[in-house]
Amino acid sequence: HPIAVRFNNLRWTASGGAPRRRFDSFGSTNSLLDTIVFVPAKNEALEIIKSLRWHLDRQDAEVGPSVPDGPVLDGSSLEADLWEHVRSLVTAEEWEKIPREAAVFVENKLREWADFSGPKFRGSAETFKIAVNDSHFTLGGNASESQGWQQIFGGFALAIRNNAGHKLVERAELRRYAVAVLGTASLLLGQIRHQYGDPPEMRPGIRGTKRENPDEGGGSESGQD
(Lines give C-alpha, C1' and ligand atoms only; values in the text may rest on other atoms or scores of the structure.)
Protein backbone atom coordinates (compact mmCIF):
# COMPACT_ATOMS: atom_id res chain seq x y z
CA HIS A 1 0.00 0.00 0.00
CA PRO A 2 1.37 3.51 -0.80
CA ILE A 3 0.87 4.63 2.79
CA ALA A 4 2.93 1.67 4.04
CA VAL A 5 5.72 2.65 1.64
CA ARG A 6 5.58 6.18 2.95
CA PHE A 7 5.91 4.91 6.52
CA ASN A 8 8.84 2.67 5.62
CA ASN A 9 10.70 5.61 4.08
CA LEU A 10 10.40 7.84 7.14
CA ARG A 11 13.64 9.20 8.64
CA TRP A 12 14.53 11.37 11.57
CA THR A 13 17.77 13.28 12.10
CA ALA A 14 19.67 13.03 15.39
CA SER A 15 21.74 15.83 16.84
CA GLY A 16 24.85 14.39 15.21
CA GLY A 17 23.39 15.04 11.77
CA ALA A 18 23.14 11.39 10.64
CA PRO A 19 19.71 10.40 9.33
CA ARG A 20 18.14 7.39 11.02
CA ARG A 21 15.14 5.22 10.34
CA ARG A 22 12.38 6.00 12.77
CA PHE A 23 12.35 2.34 13.82
CA ASP A 24 15.92 2.67 15.10
CA SER A 25 16.42 2.44 18.83
CA PHE A 26 15.84 5.72 20.59
CA GLY A 27 17.91 4.51 23.53
CA SER A 28 21.16 5.63 21.88
CA THR A 29 20.09 9.28 21.90
CA ASN A 30 21.32 11.33 24.82
CA SER A 31 20.60 14.95 24.12
CA LEU A 32 17.51 17.03 24.67
CA LEU A 33 17.76 18.01 21.00
CA ASP A 34 17.38 14.37 20.02
CA THR A 35 14.21 14.15 22.08
CA ILE A 36 12.82 17.35 20.60
CA VAL A 37 13.39 16.02 17.05
CA PHE A 38 12.26 12.47 17.73
CA VAL A 39 8.89 13.13 19.39
CA PRO A 40 7.31 14.97 16.42
CA ALA A 41 8.72 12.29 14.13
CA LYS A 42 7.11 9.58 16.26
CA ASN A 43 3.78 11.40 16.23
CA GLU A 44 3.90 11.68 12.45
CA ALA A 45 4.56 7.94 12.21
CA LEU A 46 1.57 7.22 14.44
CA GLU A 47 -0.68 9.34 12.24
CA ILE A 48 0.48 7.42 9.18
CA ILE A 49 -0.26 4.13 10.94
CA LYS A 50 -3.77 5.33 11.82
CA SER A 51 -4.35 6.41 8.23
CA LEU A 52 -3.14 3.07 6.89
CA ARG A 53 -5.38 1.18 9.29
CA TRP A 54 -8.40 3.24 8.25
CA HIS A 55 -7.77 2.56 4.55
CA LEU A 56 -7.27 -1.16 5.10
CA ASP A 57 -10.41 -1.46 7.26
CA ARG A 58 -12.43 0.36 4.62
CA GLN A 59 -11.02 -1.88 1.89
CA ASP A 60 -11.89 -5.02 3.86
CA ALA A 61 -15.45 -3.79 4.43
CA GLU A 62 -15.93 -2.98 0.76
CA VAL A 63 -14.34 -6.05 -0.74
CA GLY A 64 -15.05 -8.66 1.93
CA PRO A 65 -13.10 -11.85 2.55
CA SER A 66 -15.18 -13.92 0.13
CA VAL A 67 -14.28 -11.89 -2.95
CA PRO A 68 -11.48 -13.62 -4.89
CA ASP A 69 -8.53 -11.91 -6.49
CA GLY A 70 -8.90 -10.83 -10.11
CA PRO A 71 -11.85 -9.30 -11.99
CA VAL A 72 -15.16 -9.20 -10.13
CA LEU A 73 -17.12 -9.73 -13.34
CA ASP A 74 -16.24 -10.65 -16.88
CA GLY A 75 -19.76 -10.77 -18.29
CA SER A 76 -19.88 -14.52 -18.86
CA SER A 77 -22.16 -15.03 -15.85
CA LEU A 78 -24.72 -12.38 -16.86
CA GLU A 79 -27.26 -11.93 -19.61
CA ALA A 80 -25.30 -10.52 -22.56
CA ASP A 81 -27.38 -7.38 -23.09
CA LEU A 82 -27.38 -6.55 -19.38
CA TRP A 83 -23.60 -6.91 -19.29
CA GLU A 84 -23.18 -4.60 -22.28
CA HIS A 85 -25.37 -2.05 -20.53
CA VAL A 86 -23.27 -1.96 -17.34
CA ARG A 87 -19.83 -2.94 -18.66
CA SER A 88 -18.41 0.59 -18.59
CA LEU A 89 -19.62 1.13 -15.02
CA VAL A 90 -18.05 -2.13 -13.86
CA THR A 91 -14.79 -1.27 -15.60
CA ALA A 92 -14.77 2.16 -13.95
CA GLU A 93 -15.82 0.58 -10.61
CA GLU A 94 -18.74 2.98 -10.31
CA TRP A 95 -20.59 0.53 -8.10
CA GLU A 96 -22.98 3.11 -6.69
CA LYS A 97 -24.57 3.59 -10.14
CA ILE A 98 -24.95 -0.08 -11.08
CA PRO A 99 -28.07 -1.00 -9.01
CA ARG A 100 -30.13 1.73 -10.64
CA GLU A 101 -28.91 0.94 -14.16
CA ALA A 102 -29.57 -2.77 -13.73
CA ALA A 103 -33.06 -2.22 -12.31
CA VAL A 104 -34.06 0.27 -15.00
CA PHE A 105 -32.72 -2.08 -17.67
CA VAL A 106 -34.94 -4.92 -16.41
CA GLU A 107 -37.97 -2.62 -16.28
CA ASN A 108 -37.37 -1.40 -19.83
CA LYS A 109 -37.05 -4.98 -21.08
CA LEU A 110 -40.35 -5.91 -19.42
CA ARG A 111 -42.06 -2.93 -21.05
CA GLU A 112 -40.60 -3.90 -24.41
CA TRP A 113 -41.41 -7.61 -24.21
CA ALA A 114 -44.90 -7.17 -22.76
CA ASP A 115 -45.62 -4.31 -25.17
CA PHE A 116 -46.38 -1.74 -22.51
CA SER A 117 -46.20 1.10 -25.02
CA GLY A 118 -49.42 2.90 -24.10
CA PRO A 119 -50.06 5.32 -21.23
CA LYS A 120 -51.91 2.67 -19.20
CA PHE A 121 -48.73 1.27 -17.62
CA ARG A 122 -46.65 3.96 -15.98
CA GLY A 123 -45.29 3.00 -12.58
CA SER A 124 -42.28 0.75 -12.13
CA ALA A 125 -43.93 -1.50 -9.54
CA GLU A 126 -47.00 -1.84 -11.72
CA THR A 127 -44.87 -2.80 -14.71
CA PHE A 128 -43.17 -5.62 -12.80
CA LYS A 129 -46.48 -6.81 -11.33
CA ILE A 130 -48.46 -6.91 -14.56
CA ALA A 131 -45.69 -8.27 -16.80
CA VAL A 132 -45.27 -11.45 -14.75
CA ASN A 133 -48.76 -12.94 -14.49
CA ASP A 134 -51.17 -15.09 -16.47
CA SER A 135 -51.98 -12.31 -18.94
CA HIS A 136 -48.36 -11.81 -20.00
CA PHE A 137 -45.42 -13.96 -18.82
CA THR A 138 -46.43 -16.87 -16.60
CA LEU A 139 -43.26 -18.18 -15.02
CA GLY A 140 -42.66 -21.49 -13.29
CA GLY A 141 -44.15 -24.93 -13.86
CA ASN A 142 -47.17 -24.63 -11.57
CA ALA A 143 -49.24 -22.13 -9.63
CA SER A 144 -46.95 -22.21 -6.59
CA GLU A 145 -43.83 -21.51 -8.65
CA SER A 146 -45.64 -18.75 -10.53
CA GLN A 147 -46.52 -17.07 -7.28
CA GLY A 148 -42.90 -17.30 -6.19
CA TRP A 149 -41.65 -15.68 -9.37
CA GLN A 150 -44.24 -12.92 -9.04
CA GLN A 151 -42.98 -12.23 -5.54
CA ILE A 152 -39.35 -12.14 -6.70
CA PHE A 153 -40.15 -9.69 -9.48
CA GLY A 154 -42.33 -7.60 -7.17
CA GLY A 155 -39.68 -7.55 -4.46
CA PHE A 156 -37.04 -6.47 -6.95
CA ALA A 157 -39.28 -3.62 -8.07
CA LEU A 158 -40.02 -2.39 -4.55
CA ALA A 159 -36.67 -2.99 -2.85
CA ILE A 160 -34.26 -2.25 -5.71
CA ARG A 161 -35.91 -0.38 -8.58
CA ASN A 162 -37.87 2.15 -6.53
CA ASN A 163 -35.06 2.75 -4.05
CA ALA A 164 -32.23 3.00 -6.58
CA GLY A 165 -34.29 5.20 -8.87
CA HIS A 166 -34.23 8.10 -6.44
CA LYS A 167 -30.62 8.13 -5.19
CA LEU A 168 -27.20 6.60 -5.57
CA VAL A 169 -26.50 3.63 -3.34
CA GLU A 170 -24.30 4.33 -0.33
CA ARG A 171 -23.20 1.39 1.83
CA ALA A 172 -19.95 -0.11 3.10
CA GLU A 173 -20.04 -3.32 1.05
CA LEU A 174 -21.02 -1.44 -2.10
CA ARG A 175 -19.25 -3.67 -4.62
CA ARG A 176 -20.78 -6.88 -3.28
CA TYR A 177 -24.22 -5.26 -3.25
CA ALA A 178 -23.89 -4.06 -6.85
CA VAL A 179 -22.75 -7.51 -8.00
CA ALA A 180 -25.69 -9.12 -6.17
CA VAL A 181 -28.15 -6.75 -7.85
CA LEU A 182 -26.66 -7.58 -11.24
CA GLY A 183 -27.02 -11.27 -10.53
CA THR A 184 -30.67 -10.85 -9.56
CA ALA A 185 -31.41 -8.73 -12.62
CA SER A 186 -29.79 -11.36 -14.83
CA LEU A 187 -31.85 -14.08 -13.13
CA LEU A 188 -35.12 -12.28 -13.88
CA LEU A 189 -34.29 -11.67 -17.53
CA GLY A 190 -32.89 -15.16 -17.97
CA GLN A 191 -35.98 -16.89 -16.56
CA ILE A 192 -38.28 -15.19 -19.06
CA ARG A 193 -35.94 -16.07 -21.92
CA HIS A 194 -35.65 -19.64 -20.65
CA GLN A 195 -39.39 -20.15 -20.85
CA TYR A 196 -40.38 -17.87 -23.72
CA GLY A 197 -37.37 -17.74 -26.04
CA ASP A 198 -35.09 -14.92 -27.08
CA PRO A 199 -36.60 -12.56 -27.84
CA PRO A 200 -39.47 -13.72 -25.64
CA GLU A 201 -42.68 -14.57 -27.47
CA MET A 202 -45.56 -13.72 -25.19
CA ARG A 203 -48.36 -16.30 -25.02
CA PRO A 204 -50.89 -15.24 -22.40
CA GLY A 205 -52.06 -17.97 -20.06
CA ILE A 206 -49.33 -20.46 -21.04
CA ARG A 207 -46.30 -21.14 -18.85
CA GLY A 208 -43.62 -20.78 -21.49
CA THR A 209 -42.48 -23.22 -24.13
CA LYS A 210 -42.49 -26.22 -21.77
CA ARG A 211 -46.21 -26.01 -20.99
CA GLU A 212 -48.42 -27.78 -23.53
CA ASN A 213 -51.79 -27.62 -21.75
CA PRO A 214 -53.12 -24.03 -21.77
CA ASP A 215 -55.75 -24.93 -19.18
CA GLU A 216 -52.98 -25.27 -16.57
CA GLY A 217 -51.80 -21.76 -17.22
CA GLY A 218 -54.78 -19.97 -15.75
CA GLY A 219 -57.48 -20.29 -18.39
CA SER A 220 -58.14 -21.35 -21.98
CA GLU A 221 -60.20 -20.32 -24.91
CA SER A 222 -62.26 -23.54 -24.96
CA GLY A 223 -64.76 -22.33 -22.35
CA GLN A 224 -64.41 -25.54 -20.33
CA ASP A 225 -64.46 -25.37 -16.53
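**Entry 1: the chain as a whole**

I counted 7 helices and 2 strands in the chain. I noted that the model is a predicted one. Then I read the elements along the sequence and wrote down the pattern α-β-β-α-α-α-α-α-α.

Next I looked up burial. Of the 225 residues in the chain, 36% are buried. I also looked up the surface. The chain exposes about 13400 Å², and 52% of that comes from carbon and sulfur atoms.

How are the contacts spread along the sequence? I took the contacts between residues at least 6 apart in sequence, and 58% of them join residues at least 24 apart.

**Entry 2: α4 beside α7**

I turned to helix pairs. Two packed helices are described by the angle between their axes and the distance between the axes. I looked up both values for each pair.

I began with α4 and α7. Helix α4 covers residues 98-113, and helix α7 covers residues 174-196. Their axes lie 8 Å apart, at an angle of about 10 degrees. Angles under 35 degrees count as roughly parallel, so α4 is roughly parallel to α7.

Which residues make this contact? From α4 I listed I98, P99, A102, F105, V106, K109, L110 and W113. From α7 I listed Y177, A178, V181, L182, A185, L188, L189, I192 and R193. I sorted them by class and got 15 nonpolar, no polar and 2 charged residues.

**Entry 3: α3 beside α7**

I stayed with α7 and looked at α3, which spans 80-91. The axes of α3 and α7 come within 10 Å and cross at roughly 165 degrees. An angle over 145 degrees counts as roughly antiparallel, so α3 is roughly antiparallel to α7. I noted the crossing of α3 with α7 as right-handed.

On the α3 side, the contact is made by D81, L82, V86 and V90. On the α7 side, L182, A185, S186, L189 and R193 take part. By class, I wrote down 6 nonpolar, 1 polar and 2 charged residues for the contact of α3 with α7.

I then compared my lists for α7. L182, A185, L189 and R193 of α7 appear in the contact with α4 and again in the contact with α3.

**Entry 4: α4 beside α5**

Helix α4 also meets α5, residues 124-131. Their axes come within 10 Å and cross at roughly 50 degrees. This value falls outside the parallel, antiparallel and perpendicular ranges, so α4 is oblique to α5. The crossing of α4 with α5 is left-handed.

I listed A103, V106, E107, L110 and R111 from α4. Their partners from α5 are S124, T127, F128 and A131. The residues of this contact divide into 5 nonpolar, 2 polar and 2 charged. V106 and L110 of α4 are in this list, and I had already met V106 and L110 in the contact with α7.

**Entry 5: the loop between α3 and α4**

I looked up W95, which sits in the loop between α3 and α4. Is W95 buried or exposed? Its relative accessible area is 4%, so W95 is buried. I also checked a distance from W95. R176 is 81 residues away along the chain, yet the C-alpha atoms of W95 and R176 are separated by 8.8 Å.

E93 is in this loop too. Its phi is positive, about 55 degrees, although E93 is not a glycine. Most residues other than glycine have a negative phi.

**Entry 6: two glutamines**

I picked Q191 in α7. Its relative accessibility is 15%, so Q191 counts as buried. What does Q191 touch, leaving aside its neighbours within four places in sequence? I found L139, G140 and W149 in contact with Q191.

Then I picked Q147, found in helix α6, residues 143-164. Q147 has a relative accessible area of 46%, which means it is partly exposed. Q147 and V132 are 15 residues apart in sequence, and their C-alpha atoms are 9.4 Å apart in space.

**Entry 7: after α7**

Last, I followed the chain past α7. P199 is found in the segment after that helix. Which form does the peptide bond from D198 to P199 take, cis or trans? I noted cis, with omega near 5 degrees. Most peptide bonds are trans.

Methods: Residues numbered from 1 in each chain as written. Predicted model: local features only at pLDDT ≥ 70, side-chain atom pairs only at ≥ 80, totals over all residues. Heavy atoms only, no water. Helix = DSSP H or I, 4+ residues; strand = E, 2+ residues; numbered from the N terminus. Buried < 20%, exposed > 50% of the residue type's maximum accessible area, 1.4 Å probe, protein only. Contact = heavy atoms within 4.5 Å. Areas by Shrake-Rupley, 256 points an atom, 1.4 Å probe, with all protein chains shown as cover. Axes fitted to C-alpha atoms, helices over the stretch in contact; angles between N-to-C directions. Parallel < 35°, antiparallel > 145°, perpendicular 65-115°, else oblique. Left-handed = near helix turned anticlockwise from the far one by under 90°. Nonpolar A, V, L, I, M, F, W, Y, C, P; charged D, E, K, R; others polar.
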